[in-house]
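Colleague: I would like to learn how to read a model like this one. Could we take the features in turn?

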Amino acid sequence: MATIKIPDQTLARLRAAAAARHVSVEAYLDEMAVIDADEKRASSSDASVQFRKSSVAERTAAADSIRKLATEVKGKGTIEELIADKHAGHKY
């Protein structure tokens, strides 16, 4: 079990939100944690589905593009050099 400090204004908002749902603050936080976890799972699942829908050729092309980018970036010593190249019209 952990102890956290919640600013008074934030605690008042939590209490109001919990009261609007007729639950305790603890139950409200539990509900919000479940909703957040479900949304993250759905988002991760969407990316997974998109990846599976891509063809082998698309995945191969993406991998080749990443490899090409990696070789172009390796020659740069600093982020400033990358930014200067970008401003000069180089595409990474």
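Colleague: In which helix is confidence lowest, and in which is it highest?

Modeller: This is a predicted model, and where pLDDT is low, the predicted coordinates should not be read in detail. In this chain the mean is lowest in helix H4 (residues 79–87), at 72, and highest in helix H1 (residues 8–20), at 88. Over the chain, pLDDT averages 75, and 71% of the residues score at least 70.

Colleague: How many helices and strands does the chain have?

Modeller: There are four helices and zero strands. Along the sequence, this gives the pattern α-α-α-α.

Colleague: What share of the residues counts as buried?

Modeller: Of the 92 residues, 7% are buried. The accessible surface of the chain is about 7,900 Å², and 58% of that belongs to carbon and sulfur atoms.

Colleague: What span should H1 have, going by its number of residues?

Modeller: In general, an α-helix has 3.6 residues a turn, so residues three or four places apart point the same way. For the span, one counts 1.5 Å a residue, so the 13 residues of H1 should cover 18 Å. The C-alpha atoms at the ends of H1 are 18 Å apart, which agrees with that expectation.

Colleague: Which residue with a positive phi follows H1?

Modeller: Most residues other than glycine have a negative phi. His22 is not a glycine, yet its phi is positive, at about 60 degrees. His22 sits in the loop between H1 and helix H2 (25–53).

Colleague: Is His22 buried or exposed?

Modeller: His22 has a relative accessible area of 75%. The cut-off for exposed is over 50%, so His22 counts as exposed.

Colleague: How many salt bridges does the count give?

Modeller: The count gives one salt bridge. The side chains of Arg21 and Glu31 form this pair, at 3.1 Å from N to O. The two partners come from distant parts of the chain, ten residues apart: Arg21 is in the loop between H1 and H2, while Glu31 belongs to helix H2.

Colleague: How accessible are the two partners, Arg21 and Glu31?

Modeller: Partly exposed residues fall between the cut-offs of 20% and 50%. Arg21 is partly exposed because its relative accessibility is 43%. Glu31, at 27%, is partly exposed too.

Colleague: Which residues does Val23 touch, leaving out those up to four places away in sequence?

Modeller: Val23 touches Ala18, Tyr28 and Glu31. Val23 lies in the loop between H1 and H2, and with a relative accessible area of 28% it counts as partly exposed. Glu31 thus appears both as a contact of Val23 and as the salt-bridge partner of Arg21.

Definitions and conventions: Residues are numbered from 1 along each chain as its sequence is written. This is a predicted model: local features need pLDDT of at least 70, side-chain atom pairs count only at pLDDT 80 or more; totals for chains, interfaces and linings use all residues. Side-chain values use heavy atoms; hydrogens and water are left out. pLDDT is the predictor's confidence in each residue, from 0 to 100. Helices (H or I, at least four residues) and strands (E, at least two) are DSSP runs, numbered from the N terminus. Buried means under 20% relative accessible area, exposed over 50%, partly exposed in between (1.4 Å probe, protein chains only). Accessible areas come from the Shrake-Rupley method with a 1.4 Å probe; for residues, only the protein chains shown count as cover. The expected span of a helix is 1.5 Å times one less than its number of residues. A salt bridge is a side-chain nitrogen of Lys or Arg within 4 Å of a carboxyl oxygen of Asp or Glu. Contact means heavy atoms within 4.5 Å.
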